[in-house]
Amino acid sequence: NVAVTASTNPVPMLTTQGQIFHGQQIVFPVTIPAGVSVADFRLWFRNDWGNFPASDVDMILFDPNLAPNTAGAHLNDPERATVLNPAPGTWFVMIVGFYIPTSPDKYELRVDLDGKVIK
């Protein structure tokens, strides 16, 4: 007899994905309704620390008043920013191709509001 079981979580749903070039900035609007307790933003890119040379793709959030949140602008993969009790309205996610030596690189963005991925 053979039994097969999954040892990892399924591939997460994504809000958007695409390609980014060195120096490029891509901006996505995200509407956050009133009453959201947790907004979680995650950005993955292909040429992470498991590759040489590695890319540095950053994520900067702007709230409805355009105040920046740079929690997702480091040398991490995935980049992640969690906002508790986010202000309702239109937020902007800026994906920055800070350093992409083998341009372009592929990115994947996931935004979930109270655990539900938005598209």
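D112 is buried, its relative accessible area being 8%, in a model that is predicted. This aspartate belongs to strand 8, which spans residues 105–113. Its side chain reaches the backbone nitrogen of G115 at a distance of 3.5 Å. When residues up to four places away in sequence are left aside, the residues touched by D112 are V38, A39, D40 and V117.

The chain in which D112 sits contains 9 strands and 0 helices, so that its elements, read along the sequence, follow the pattern β-β-β-β-β-β-β-β-β. Of the 119 residues in the chain, 36% are buried. The exposed area comes to about 7100 Å², of which carbon and sulfur atoms supply 56%. Among contacts between residues at least 6 apart in sequence, 77% join residues that are at least 24 apart.

The largest nonpolar core comprises 22 residues, and the members that touch the most other members are I32, F41, M59, L61, V93 and I95. Two or more residues are given to this core by each of strand 2 (25–32), strand 3 (38–45), strand 4 (56–62), strand 6 (79–84), strand 7 (89–99) and strand 8. In soluble globular proteins, nonpolar side chains tend to be buried together. The surroundings of I95 can be described in detail: with residues up to four places away in sequence not counted, I95 touches I20, Q24, Q25, I26, F28, L43, V57, D58, Y107 and L109.

Two of the residues touched by I95, namely F28 and Y107, also take part in an aromatic interaction. The whole structure holds 2 aromatic pairs. One of them is formed by F28 and Y107, with a centre-to-centre distance of 6.3 Å and an angle of 55° between the planes, a geometry classed as tilted. This pair links distant parts of the chain, since F28 lies in strand 2 and Y107 in strand 8, 79 residues apart. Y107 counts as buried, because its relative accessibility of 4% falls under the limit of 20%.

Charged side chains were examined in the same way, and a search of the whole structure finds 4 salt bridges. Side chains of opposite charge can pair when their charged atoms come close. D40, which is among the residues touched by D112, is a partner in two of the pairs described here. In one, R42 forms a salt bridge with D40, and the closest N and O atoms are 2.9 Å apart. In another, R80 forms a salt bridge with D40, with the closest N and O atoms again 2.9 Å apart. R80 lies in strand 6 and D40 in strand 3, so this pair ties together parts that are 40 residues apart in sequence. The accessibility of the partners can be set out residue by residue: D40 counts as buried at 4% relative accessibility, whereas R42 is partly exposed with a relative accessible area of 23%, and R80 is partly exposed with a relative accessible area of 44%.

A further salt bridge is formed by E108 with K106, where the closest N and O atoms are 3.6 Å apart. E108 counts as partly exposed at 22% relative accessibility, and K106 is likewise partly exposed, with a relative accessible area of 29%. Through salt bridges that share partners, D40, R42 and R80 are joined into one network.

Within this network, the setting of R42 was considered further. R42 is found in strand 3, and its side chain makes a polar contact with the side chain of D40 at 2.9 Å. Not counting residues up to four places away in sequence, R42 touches M59, E79, R80, E108, L109 and R110. Several of these residues appear above: M59 is one of the core members that touch the most other members, R80 forms a salt bridge with D40, and E108 forms a salt bridge with K106. The C-alpha atoms of R42 and D77, which are 35 residues apart along the chain, are separated by 8.9 Å.

Methods. Residues numbered from 1 in each chain as written. Predicted model: local features only at pLDDT ≥ 70, side-chain atom pairs only at ≥ 80, totals over all residues. Heavy atoms only, no water. Helix = DSSP H or I, 4+ residues; strand = E, 2+ residues; numbered from the N terminus. Buried < 20%, exposed > 50% of the residue type's maximum accessible area, 1.4 Å probe, protein only. Contact = heavy atoms within 4.5 Å. Areas by Shrake-Rupley, 256 points an atom, 1.4 Å probe, with all protein chains shown as cover. Polar contact = N/O pair within 3.5 Å; in protein donor to acceptor, adjacent residues only side chain to side chain. Core = buried A, V, L, I, M, F, W, Y, C linked by side-chain atoms within 4.5 Å. Phe/Tyr/Trp six-rings, centres within 6.5 Å; stacked < 30°, edge-to-face > 60°.
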